[in-house]
Amino acid sequence: MDDENQNENFCNGSLNTLISWQKHLKVRQMCQKFVMNNKKLTVFMNVLSNLIDLGLKKETHDTSTIRCFQTYAQDIPTGNEQGRYIALDLGGSNFRVLNIELDVGRQFRMDQETFSCSKQLMAGSGEELFDYIAQCLKDFLTKRKLESEINLPLGFTFSFPIYQSRLDSAILTNWTKGFTCDGVVGNDVVKLLNRSIAKHSGLNIKVCVILNDTVGTLMSCAWKDPNTKIGLIIGTGTNCCYLEKIDRIEMFDGDSSKEEMVINLEWGAFGDKGELDDIITKYDKTVNRNSVNPNQQTFEKMVSGMYLGELFRLLLLDMAKNNLIFDGHVPEILLVPQSITTNVISTVESDVPETYTLSRQCLQKLGIENVTESDLLNIRYAAHCISRRSAELVAAGLAVLLERMNEENITIGVDGSVYRLHPYYHQILVNKVNELVKGKSIKIMLSEDGSGRGAAVLAAALNQVHCIYFVVILNLEL
Ligand code: GLC
């Protein structure tokens, strides 16, 4: 190569670097609103803390966006629980039936089967949904020759907002996470399920406890680690529960011989009355507008797995349209709503820094080829902003609860696909929580199948008799 050509290449190289750098700066500007700082988080924390107070007060409980539902879970496991249980787990596009055996020394064995919950089922009638669950339960028990067992107590993890007045009764207040089955809202889910079981399966089995997945997670971790006081889910949806002193729960009507009760915050609804408008982006607004439940579950739509992929798609689409990636070309897939799942974010962020092997493979699968390093850098940055915002907002929420608790050592049980699959979500959570809360020793612990085992543990803690329990879990987290 002669000197002139070399100079020209060098100039082209520098020019390309400059253009790439300018594009990257624009991408950063575009993502700026996703970036949280401690000032924004402090405002977020103050508002959330006030809403929790309102949720716990009789007068304002019904109107607070943070509902603070009583769960009647007051028997925290000791770790000595034993016995065989069956759980049903419903909370997402799959539901599971589990046969769980708790043993001495905090040992457990679990046998489970997953059944899919089709889109038609999620949008059909409540009766069809519960009939299907009853049928799957029957198939599960028949396969294991357990169908003729009598007095099988059943635990039901039902991961939706429920108003409880006892451990074995729960009125669905509203559907979330894409479910819209009619005839369920305002009704007792336990009755609906028991009716389907009696009608269709001929089984002699009844639900003895119903619980939210956050409660299952708390219970399941408390069984292993008695310092567990908070249960958290960051999966298809997000939610949190915590142990509250009964004298701080104004509408408390549980067992007053016990000092605490688990409160289900249903924090996914945070922001539904505009409380998060200052930090919401135009992409969040689009996700909300296109959802089946507009203006509901605002916080959930900023944080959880059902929505992060779609946020990512909208952001990439905007970047492509503005000629910041793909040389201004808009790949077909970015025009298709819901075409990018939250797993794509996790994969893109799993590459070793400065390498893009997984990202390239993943984009290729989506039909996006010929991407440059500059594109990949920007795509990773967008993914990072979305997942980091999610983790930092969750950390701020946890900080509010940790501040309320007069305890020095607290373990937080966590479950959910976003938390489990993202390469460093856990680390962001840990760092941010420790930055926001001083003077406490905080442990964040992955719950091994909180939704399933938690139902068994709650049933066992409630009734420490050595008999067989059946716990049914309806959970869409898988
Ligand atoms: C949704 C549900 C809530 C559940 C959470 C996590 O927010 O309303 O009950 O705990 O998803 O599955």
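**Note on the predicted model**

1. With 478 residues, a compact globule would have a radius of gyration near 23 Å, and the protein's value of 24 Å agrees with that. The model is predicted. Along the principal axes, the C-alpha atoms fill a box of roughly 90 × 50 × 40 Å.

2. Confidence should be considered before the details. The mean pLDDT of the protein is 92, with 93% of residues at 70 or more. Residues 465-470 have pLDDT below 50, although this stretch has 26 contacts in the model beyond near neighbours in sequence. Where pLDDT is low, predicted coordinates should not be read in detail.

3. The secondary structure consists of 15 helices and 14 strands. Of the contacts between residues at least 6 apart in sequence, 73% join residues at least 24 apart. Buried residues make up 57% of the 478.

4. On the surface, the accessible area comes to about 20,000 Å², and carbon and sulfur atoms account for 49% of this. The side chains include 48 positive and 58 negative ones, and the centres of these two sets are 2 Å apart.

5. Two residues deserve a check of their backbone angles. Most residues other than glycine have a negative phi. Phe326 has a phi near 55°, a positive value in a residue that is not glycine. Phe326 sits in the loop between α9 (305-321) and α10 (342-348). With a relative accessible area of 7%, under the 20% cut-off, Phe326 counts as buried.

6. The second is Glu354, where phi is positive at about 70°, again in a residue that is not a glycine. Glu354 belongs to the loop between α10 and α11 (357-365). Its relative accessible area is 69%, so Glu354 is exposed, the cut-off being over 50%. Thus one positive phi falls at a buried residue, Phe326, and the other at an exposed one, Glu354.

7. Is Lys23, in helix α1 (residues 3-31), buried or exposed? Lys23 has a relative accessible area of 18%, and therefore counts as buried, which requires a value under 20%. Apart from neighbours within four places in sequence, Lys23 is in contact with Asn323, Leu324, Asp327 and Asn378. The C-alpha atoms of Lys23 and Asp375 are 9.3 Å apart, while 352 residues separate the two along the chain.

Key. Residues numbered from 1 in each chain as written. Predicted model: local features only at pLDDT ≥ 70, side-chain atom pairs only at ≥ 80, totals over all residues. Heavy atoms only, no water. Helix = DSSP H or I, 4+ residues; strand = E, 2+ residues; numbered from the N terminus. Rg over C-alpha atoms; globule rule 2.2 N^0.38 Å. Buried < 20%, exposed > 50% of the residue type's maximum accessible area, 1.4 Å probe, protein only. Contact = heavy atoms within 4.5 Å. Areas by Shrake-Rupley, 256 points an atom, 1.4 Å probe, with all protein chains shown as cover. Lys, Arg positive; Asp, Glu negative; His and termini not counted. Charge placed at Lys NZ, Arg CZ, Asp CG, Glu CD. pLDDT = per-residue confidence, 0-100.
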